Amino acid sequence: MPSDVLRADDADAFTTALASGSATVFFASQSTINTGSVTGGQSQITSGSSADAPTGTPRQGPVRPKDLKTARRCFVPPPAFEGALAALDSGVSLLVGAPGTGRETCALNLLAHGREEPVLVQLDGAVDLSRWVPRPQGVHGYLLAEPPDPFAVRSWDLSRLEASLAEVGARLLIVLADAPGLATALEDHLGTPVVRHVPPDPRKVFAAHLAEACPVEDARTRLLRSLGPGALEELLPAELPPRHAAQTAEAVTRLGGNGGSSATELMRALARAEAPELVARAQEDPVLFSHLLSLSVYGGLDRSVVVERAADLLRLTASQGEQEPVVHSPLPHLNRQQAGASRQRSLTEILRALEAHCSQRTGIGETDVTDTVSFFWPAVGDAVWEILCRDHTDLLPLLHAWLGGTGREPDQIERAGKSVAAVAVLTGGRTLQLLRHLVSVPWPPAVEVVGWCLGTVAADPAAGAKAEALLDEWSIAPEAALRKAVAYACRPDRGRFTVDQALRLLHRLMETVSNDADDVAVAVAEALVQRFAAGDCRARETVLGRMRDWAAHEGVPDQLTALTFPLMVGTDLAWCGSRLLANSETALDIVRLTGHSLTASTTYPSMRDVLLEWCCRGDGGPQSNPALERLLRGLVEAREPGFLRWLMAVERGPETMPGKALAAQLMTLWHSKSAARNANDGSS
């Protein structure tokens with residue numbers, strides 16, 4: 001007969017038997033051994049199919065005293081604790097709640113309540129309650145966790161159990177994972193109390209553990225003060241599992257031994273302790289891995305964003321596995337079986353495995369409520385990237401491609417760009433070489449993602465020099481997409497560029513703009529306007545001074561100056577007015593740039609509208625808006641033809657048009673100056 005291949009479990013059994021001593025071993029995989037008597041201290045092992053193997057006796061055993069002591073130490077009763085104590089009096093009761101929220105700790109404390117040295121026994125989840133009986137004596141409580149089918153128990157089984165438990169003075173508490181409608185269905189089915197477990201306030205858990213670790217109140221006060229105001233809200237968010245609250249207290253005590261630590265330092269320490277476990281847990285599970293990365297990038301945004309981006313990463317991983325099977329990855333390639341499993345797994349289970357949660361964020365309106373998902377400690381995402389950049393660098397090209405495919409919404413682009421920047425910083429700038437390919441992707445948000453990255457990395461001490469060199473190179477590159485990325489990097493919310501650095505790059509971009517790159521010109525104009533709007537007084541004066549120089553020379557810089565100046569002034573008329581009244585150099589720049597925009601035919605309408613809006617702030621009289629009057633009189637002195645066009649338009653406009661009285665005075669002044677100039681020319 002052909003011999004079967006030795007299975008792994010058979011081999012383990014065989015090796016174990018050999019290692020047990022000098023015994024003789026008979027091994028017959030998938031076969032039958034003669035069951036006659038065996039003598040001489042020999043041993044016999046029969047290996048059968050796991051499907052045919054008889055079910056062993058359900059295991060049960062005492063809860064170890066040290067485990068019970070740990071469960072009772074610093075225990076904070078959850079809200080339903082008193083109700084659960086009352087439910088225990090029935091003999092058999094159920095406790096339902098989300099895994100990871102301290103259900104079993106609560107159950108042990110319920111069963112041990114009121115006793116100094118209770119004896120508790122934990123039953124195997126596979127126990128058949130229709131046949132099980134409690135021990136005759138010596139046990140105070142039994143804990144049964146996660147039976148596979150709680151509805152298999154009948155009401156008459158419970159009646160028998162309650163009677164037998166009452167005889168021996170014990171109680172049985174069954175712990176189950178909560179599900180929609182489960183508690184009500186069990187109560188109807190069994191007729192026994194079902195208690196919903198809600199975890200205790202994480203602040204109370206934190207306080208209990210901190211008091212144990214640091215008994216002196218003054219010392220605790222100093223530790224908490226070192227964290228800074230509002231630290232506990234950040235470290236102990238609502239729904240934080242009790243285990244995490246205890247870890248926070250331990251970390252505060254441990255790190256506070258050196259004079260205290262800030263909330264940021266503490267958060268970073270907690271995240272770095274948790275991230276390795278999460279990465280290890282997700283390493284062989286593509287579904288968990290994709291959600292882990294999506295949470296690390298988009299945590300705190302709408303749950304649909306996190307789920308969709310995780311699905312995108314799954315698809316990308318699967319396609320790369322088919323196209324490039326030679327690429328080594330610490331993760332298995334997604335196959336059809338795994339894809340099916342991912343569809344069946346609920347988001348609640350995935351979040352629970354990744355120590356994350358779903359919460360609601362209220363928007364502007366009362367009905368504007370968004371379901372968001374995130375880690376309990378957002379810094380975990382940064383720690384995950386640290387691990388990937390250190391231990392899994394072969395995944396970085398794949399992750400760059402995924403991040404470049406982010407959604408069009410600004411918050412998604414920002415998150416993706418900052419993640420690409422974080423990777424560049426963590427790798428010392430080595431991954432910046434991946435950005436050129438990312439820019440070439442035919443997906444508009446990819447260019448903005450790269451802009452976010454370059455603008456952010458430029459401020460880093462280590463990788464900043466490489467980013468600046470890339471920005472200089474791309475600012476004069478023939479590819480419009482590269483230059484557009486530079487323009488995005490110059491926006492004020494993208495990194496820590498000084499205004500001088502940004503203006504230098506933007507001017508280089510202007511000099512390379514061609515007719516087939518209008519989108520680059522638009523990106524440059526947007527960056528200029530945003531720089532002005534977000535800048536302080538000195539930054540704004542610097543922008544206007546540089547634009548005055550650009551306006552003196554024909555070409556793209558001259559045209560973009562005329563285009564952007566009306567938009568800048570419109571962002572803050574009050575500031576422009578204050579500069580005009582200060583008689584500063586900036587006042588002259590504002591006059592020159594206003595006339596420049598009025599004279600250019602393409603930008604006249606926008607500059608006209610800004611001046612009319614300014615006129616609306618007064619009644620048009622000379623004393624109603626002195627800053628505007630000074631600007632307009634300066635334009636008369638400059639004799640800009642575009643301003644004359646504006647005066648004539650206002651003069652001929654309807655009576656309701658703002659600024660008519662002031663325009664009439666200025667028109668008279670214009671003509672008088674023209675007459676005086678003509679007279680001077682005639683006499684000469």
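Contact here means heavy atoms within 4.5 Å. The structure is a predicted model. Its protein chain holds 32 helices and ten strands, and 46% of the 684 residues are buried. Of the contacts in the chain with a separation of 6 or more, 69% are between residues 24 or more positions apart.

**Helix H6**

- The buried residues of helix H6 pack against strand E4 (92-97), helix H5 (155-168), strand E7 (171-177) and strand E8 (194-196).
- Helix H6 spans residues 182-190, and its buried residues are Leu182, Ala183, Leu186 and Leu190.
- These residues lie on the same side of H6, because they cover an arc of only 95° around the axis.
- Gly191 follows H6 and has a positive phi, near 70°.

**Strand E6 and its partners**

- Strand E6 covers residues 141-145, and five of its five residues are buried.
- Burial applies to both faces of E6: Gly141, Leu143 and Ala145 lie on one side, and Tyr142 and Leu144 on the other.
- Strand E5 (residues 120-123) runs parallel to E6 and is joined to E6 by four bridges.
- Between E5 and E6, Leu123 has Leu144 as its bridge partner, and Gln122 stands opposite Leu143.
- Strand E5 also pairs with strand E3 (residues 60-62), in the antiparallel sense and over three bridges.
- In that pairing, Gln60 of E3 stands opposite Leu123 of E5.
- E6 pairs with E7 as well, in the parallel sense, over five bridges.
- Gly141 of E6 has Arg171 of E7 opposite.
- From E6 the chain passes through H5 to E7, a β-α-β crossover that is right-handed.

**Arg103 and Glu146**

- Arg103 is part of helix H4, which comprises residues 103-112.
- Arg103 has a relative accessible area of 8%, which is under the 20% limit, so the residue counts as buried.
- Leaving out residues up to four places away in sequence, Arg103 touches Leu95, Gly97, Ala98, Glu146, Val175, Leu176, Ala177 and His197.
- Glu146, one of these contacts, sits in the loop between E6 and H5.
- The relative accessible area of Glu146 is 33%, so this residue is partly exposed.

**Positive phi outside glycine**

- Most residues other than glycine have a negative phi.
- Glu146 is not a glycine, yet its phi is positive, at about 55°.
- Arg639 is not a glycine either, and its phi is positive, at about 60°.
- Arg639 is located in the loop between helix H30 (626-638) and helix H31 (641-652).

**Met607**

- Met607 belongs to helix H29, which runs over residues 604-615.
- Met607 counts as buried because its relative accessibility is 1%.
- Apart from neighbours within four places in sequence, Met607 is in contact with Phe565, Pro566, Thr594, Ser597 and Leu598.
- Leu563 is 44 residues from Met607 along the chain, and the C-alpha atoms of the two are separated by 9.0 Å.

**Largest pocket**

- The space in the largest pocket is about 1000 Å³.
- The lining of this pocket has 35 residues, and those closest to the pocket centre are Gly381, Asp382, Lys418, Ser419 and Ala422.
- At least two lining residues come from each of helix H11 (263-282), helix H12 (286-298), strand E10 (369-375), helix H16 (379-391), helix H18 (410-426) and helix H20 (445-457).
- H18 gives the most to the lining, with eight residues.

Technical notes. Residues are numbered from 1 along each chain as its sequence is written. This is a predicted model: local features need pLDDT of at least 70, side-chain atom pairs count only at pLDDT 80 or more; totals for chains, interfaces and linings use all residues. Side-chain values use heavy atoms; hydrogens and water are left out. Buried means under 20% relative accessible area, exposed over 50%, partly exposed in between (1.4 Å probe, protein chains only). The arc is that of the directions from the helix axis to the C-beta atoms. Two strands pair if DSSP finds at least two bridges between them. A crossover is right-handed if, with the strands pointing away from the viewer, the path from the first strand over the helix to the second runs clockwise. On a 1 Å grid over the protein atoms alone, a cavity is a set of points where a 1.4 Å probe fits but cannot get out, and a pocket is an open set with protein on both sides within 12 Å along at least five of seven lines; lining residues have an atom within 4 Å of a point. Grid points are joined across faces, edges and corners, and a volume is the space filled by probe spheres set on the points.
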